[in-house]
Amino acid sequence: MAGLAVNIDHIATLREARKVNYPDPVAAALLAELAGADGIVCHLREDRRHVNDRDVRLLRKVIQTKLILEMAATSEMVGIALDVRPELVTLVPENREEVTTEGGLDLIVHNKSIGETIGALQNNGIPVSIFIDAEPEQIKLAHQAGANMIEIHTGAYCEAMGNARRRQAFSKIVDAAKLAKKLKLGVNAGHGLCYNTIKAFRGLTEIDEYSIGHSIVSRAALVGLDRAVREMRELINGL
């Protein structure tokens, strides 16, 4: 059965919209765990636009499942990861003009720096995943760089217009997951997944865990976080 890692970034986004101290993403993480989440994801951006250092350090102290820290491959973030010691680091691209992460890391361009970052983290006992597009070359480069796993960027599938484009995008995800498993990489998937698009993954047993945030937080605004997480957990259980 695939896992569900709940991303609490958008709880922090809501807090920062008013520059107040609520809603608390740490409290949201605890509620998500109680509702069945297998892990908590947070992205500590260089500009601290939503999740901040206080959040990450408190999450490390209180969550009972696992902490997945998304971060850019910078010396500052490596230092924070070595101090906080999450169960997993996911390396992601970062563009200060973007609203949310827009695509996977390009390992053709950043292969050397990513390899150095992976080594620094793994040498200190922290496994590393790389957020990449569903492209065979990117997966092979992630394997060559020594990553423990990949997270397949599912945004192209979720945002595709028309059945033909959506089928083509999903086929690339399937092929990517199967290739990664052949290379003995762990396989996570995330970005844009919602209560409808997740249903297409039925039978794709190569996916170990789904990382989902925005759709759960959006539904939580209407029905509450406990119900929103439980509903997604049930959908994933049925895959």
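The lining of the largest cavity comprises five nonpolar, three polar and two charged residues. The model analysed here is predicted. A single cavity of 30 Å³ or more is present in the structure, and the largest cavity encloses about 40 Å³ of space. Its lining is formed by Ala-5, Val-41, Ile-68, Leu-88, Thr-90, Glu-151, Asn-188, Glu-209, Tyr-210 and Ser-211. Two strands, E4 (88-91) and E8 (209-212), each supply at least two residues of this lining. Strand E8 accounts for the largest share, namely three residues.

Glu-209, one of the lining residues of the cavity, also takes part in a salt bridge. Its partner is Lys-66, and the closest N and O atoms of the pair are 3.0 Å apart. Lys-66 is located in the loop between H3 and strand E3 (67-71), whereas Glu-209 belongs to strand E8, so the contact ties together parts that are 143 residues apart in sequence. With a relative accessibility of 26%, Lys-66 counts as partly exposed. Glu-209, at 6% relative accessibility, counts as buried, because buried residues are those under 20% relative accessible area.

Across the whole structure, 18 salt bridges were identified. One of them joins Asp-55 to Arg-15, with a separation of 2.7 Å between the closest N and O atoms. Asp-55 is part of helix H3 (residues 53-62) and Arg-15 is part of helix H1 (residues 9-18), so this pair ties together parts that lie 40 residues apart in sequence. Asp-55 and Arg-15 are both buried.

A further salt bridge is formed within a single helix. Arg-227 and Glu-231 both lie in helix H10 (residues 225-237), where four residues, about one turn of the helix, separate them. The closest N and O atoms of Arg-227 and Glu-231 are 2.8 Å apart. Arg-227 has a relative accessibility of 44% and therefore counts as partly exposed. Glu-231, at 21%, likewise counts as partly exposed, since the partly exposed class lies between under 20% and over 50% relative accessible area.

Salt bridges that share partners also produce a network. Arg-15, Glu-16, Lys-19, Asp-24, Arg-54 and Asp-55 are joined into one network in this way. Among these residues are Arg-15 and Asp-55, the buried pair that bridges helices H1 and H3.

Technical notes: Residues numbered from 1 in each chain as written. Predicted model: local features only at pLDDT ≥ 70, side-chain atom pairs only at ≥ 80, totals over all residues. Heavy atoms only, no water. 1 Å grid on protein atoms, 1.4 Å probe; cavity = no way out; pocket = protein on both sides within 12 Å on 5 of 7 lines; lining within 4 Å. Points joined across faces, edges and corners; volume = space filled by probe spheres on them. Nonpolar A, V, L, I, M, F, W, Y, C, P; charged D, E, K, R; others polar. Salt bridge = Lys/Arg side-chain N within 4 Å of Asp/Glu carboxyl O. Buried < 20%, exposed > 50% of the residue type's maximum accessible area, 1.4 Å probe, protein only.
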